[in-house]
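Welcome! Here is a short, friendly tour of a protein model that you can follow with the structure open beside you.

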Amino acid sequence: MAGVEVSAREVSWVERMVVDGWIEGAQSVQIRSPHDALTSRMWGRLKLSADIDDFFGYVSVDAQKNWKVDSETGIDVHEAWLEYVADGWDARVGRQVIIWGKADGVQITDIISPPDYTEFITRDLEEIRLPVDAAKFRLLGEAVDVELIWIPFFKAAVQPSGGNPWALEPDIPENVRVTAAQVEEPETSLENSEIALKISAFFSGLDVAASVFYTWDDNPAMHRTVTQNKGETDVRFSPEHHRMTVFGFEFSRPWSDFVFRGEVAYYLGRFFEPASITGSPLKKNALNWLGGLDWSPGNDWSIIAQVGGIAIFDHEPGLAADEHSLSGTVHVSKKLLRQTLTLSNMLYYDVREQGFFDRIKTEYAVTDDLHLLAGVDVFGGGGQSFGRYRDNTQVWFKAKYSF
Amino acid sequence: MLSKTSAFLLASAVLFFAGQDMLRAETMQMMGREIMVMEDERPDGDDRTSVMKMTLINKRGSKRIREVSSFAKDYGRDKKMVMVFEKPADVKGTAFLSWEYDDPSREDDKWLYMPAMKKVRRISGASKNEYFMGSDFTYDDMGDRNVDEDTHVLLGEESVDGHACWKIESTPVDLDDMYTRKVLWVSKVAHMVLKTEYYDKDGLLKVYRVLDFGKEGGFWAVRYSEMENIVRNHKTVMEFRAMQYDTGLQDRLFKVSSIQRGRIR
């Protein structure tokens, strides 16, 4: 019962400290020839928390040995923050993962913590978010909370690169030579800070929230300099992160066995990539939207269906993305054997490209602390979203021990 | 052949005894409801905290442990509750917040915080028939069911483990309820259910027994109980400790912002 002011008994320092964590091993191989290993790693997280009356400290340290992605091997501090809780407000300062939004497995307003696509989206969703060094202040009202976040240090999204099996070479025409400059990231300064404000209300039968995030795009726009040289085309990429403002709105409303959810993010001034390798990214406004339905019919079934898309305003034909894109997800899970065995299927489907990613997963709790997991990730269809990973269709195994 | 007078007297007698039976049944139903209201309104303070440990025992005797810290506060006839999962390790820190309304026509509000996802999700309020953490208790078994969601008939008086009890049969008003009926034994002294038999369409499904109870902080409380699933040969032993009443739990504990922190303060 750490943290609850119900006992007058003296609490010792040992009782105020809690150590826990997990260690997992994961292995995956391509189903298609040449049946290479795509994932091979051991990963552990040690979590230490200390409850000192109104203060709460938390540190988590990751240690990983990755046989497929060298850059992942090492020890680093995942989160380290200090929290103060007062009557009517609280504050958390330090390295932390901040997650917004109502969507399941899709990021709409959830853009405070940048994504880590080292293993594309095949990692557990919680491990796709990178922590940010930030200060978070919340004013807590009767039914309405106001949240203010200041992020003084920019952190970019992580994309697979180098020898990573998820780093795929782009299609480059024969007579085109491509070079790339270093990514231009914003310097650390007060004016380059990111600021987020969110107002959330929790009523009986309805949750709503509105937000604004003055941020940098976590993904750089790939600006290009194109020169012609003896019948060949030289393209020099100059990746650069740009400022943008994102207005968000989200809600969820339960009704009987259902929960209806919705989320929109209006991007003011986001760069979109061109279809042609010699084109230029264009700055546009866009609306990213999602509607979802959770159904809990009982008997440990859970069904979540979502549909969403991106609408680009003032769209131009040279852009890689359509004016309106549409995608959907369906997540079905069933618990069996007294909730020790979970079977689930998560399907992502891109309507325009007819590409899909389907994760079929089974998880069995051998003991309360030791879980064995196995599954198949199937990539298929066409296009650049999922279809290009078709050769990475894989079968995987994982063992996770929590302590 | 009966004379007209004899026939009239016989008919009157039949009607009288039938009327008596109906009156008796109505009285038993009234008494059944009164006893269940008494049980429902048994004093348990304005707020309460406890640590609940569940031991799930399967037919081979192997055990799994679930441990939950629980905080609840009354708001008139409604109740707000927070449960924080302590064990097993993979769900540690999961927090469940519910605002439970006495009015059966009003859906409860429920939120779930999952530490791995680091966010709070609204969950639907209607799925009360799901089993709690793989145990033999459904959410409804553990919750505060409105008395008028069932009709209650007093069957008689019996003792359970030496404790004098009223024996009540409760039949759900909602025909889609997972149980077709329950038989309950309510202590005459503690006004607490000491035993329940749960029946479904196939017959006896589960038996709930209180193994130890007594006064905690001046209020009658269950210390040990068990729920045995007869059909599946599975049992859950529930133990309550660190029970405290009227400690003045603050309202802020029962807000979404509280479980969003990943700890309760």
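The points below go from the meeting of two chains, through the nonpolar cores, to a few strands and one residue. Keep in mind that this is a predicted model.

**Where chain B meets chain A**
- Let's start with the contact between the chains: 36 residues of chain A are in contact with 37 residues of chain B.
- On chain B, the side that touches chain A draws at least two residues from each of β1 (47–57), β2 (63–75), β6 (119–123), β13 (234–245) and α3 (256–260).
- Which element gives the most to that side of chain B? It is β2(B), with four residues.
- By type, the residues on this side of chain B are 15 nonpolar, twelve charged and ten polar.

**The nonpolar cores**
- A helpful background idea is that in soluble globular proteins, nonpolar side chains tend to be buried together.
- In this model, the largest nonpolar core has 22 residues, and B:Val82, B:Ala95 and B:Ile259 have the most contacts inside it.
- At least two residues of this core come from each of β2, β3 (78–87), β4 (95–100), β5 (109–114), β6 and α3 of chain B.
- The element that gives the most to this core is β3(B), with five residues.
- Try finding B:Val82: leaving out residues up to four places away in sequence, B:Val82 touches B:Phe71, B:Ala95, B:Leu97, B:Leu253, B:Phe254, B:Ile259 and B:Ile264.
- There is also a second, separate core of 21 residues, including A:Val97, A:Val106, A:Val132 and A:Ala265.

**Strands in chain A**
- Strand β16 (residues 301–312) and strand β17 (residues 324–336) of chain A pair in the antiparallel sense, over eleven bridges.
- To spot where β17(A) lines up, look for A:His324, which stands opposite A:Ala311.
- β17(A) also pairs in the antiparallel sense with strand β18 (residues 341–350) of chain A, this time over ten bridges.
- Here A:Val332 stands opposite A:Asn345 in β18(A).
- β17(A) and β18(A) form a hairpin with four residues between them, and A:Leu337 in the turn has a positive phi of about 50°.

**A closer look at A:Val208**
- You will find A:Val208 in strand β10 (residues 206–216) of chain A.
- Why does A:Val208 count as partly exposed? There are 16 other C-beta atoms within 10 Å of A:Val208, and partly exposed lies between the cut-offs of 12 or fewer for exposed and 20 or more for buried.
- Not counting residues up to four places away in sequence, A:Val208 touches A:Ala201 and A:Phe251.
- A:Asp322 is 114 residues from A:Val208 along the chain, and their C-alpha atoms are separated by 30 Å.

Note on methods:
Residues are numbered from 1 along each chain as its sequence is written. Chains are lettered from A and ligands numbered from 1 in the order in which they are written. This is a predicted model: local features need pLDDT of at least 70, side-chain atom pairs count only at pLDDT 80 or more; totals for chains, interfaces and linings use all residues. Two residues are in contact if their C-beta atoms, placed from the backbone, lie within 7 Å. Ala, Val, Leu, Ile, Met, Phe, Trp, Tyr, Cys and Pro count as nonpolar, Asp, Glu, Lys and Arg as charged, and the others, Gly among them, as polar. Two strands pair if DSSP finds at least two bridges between them. A nonpolar core is a set of buried Ala, Val, Leu, Ile, Met, Phe, Trp, Tyr and Cys residues joined through C-beta atoms within 7 Å.
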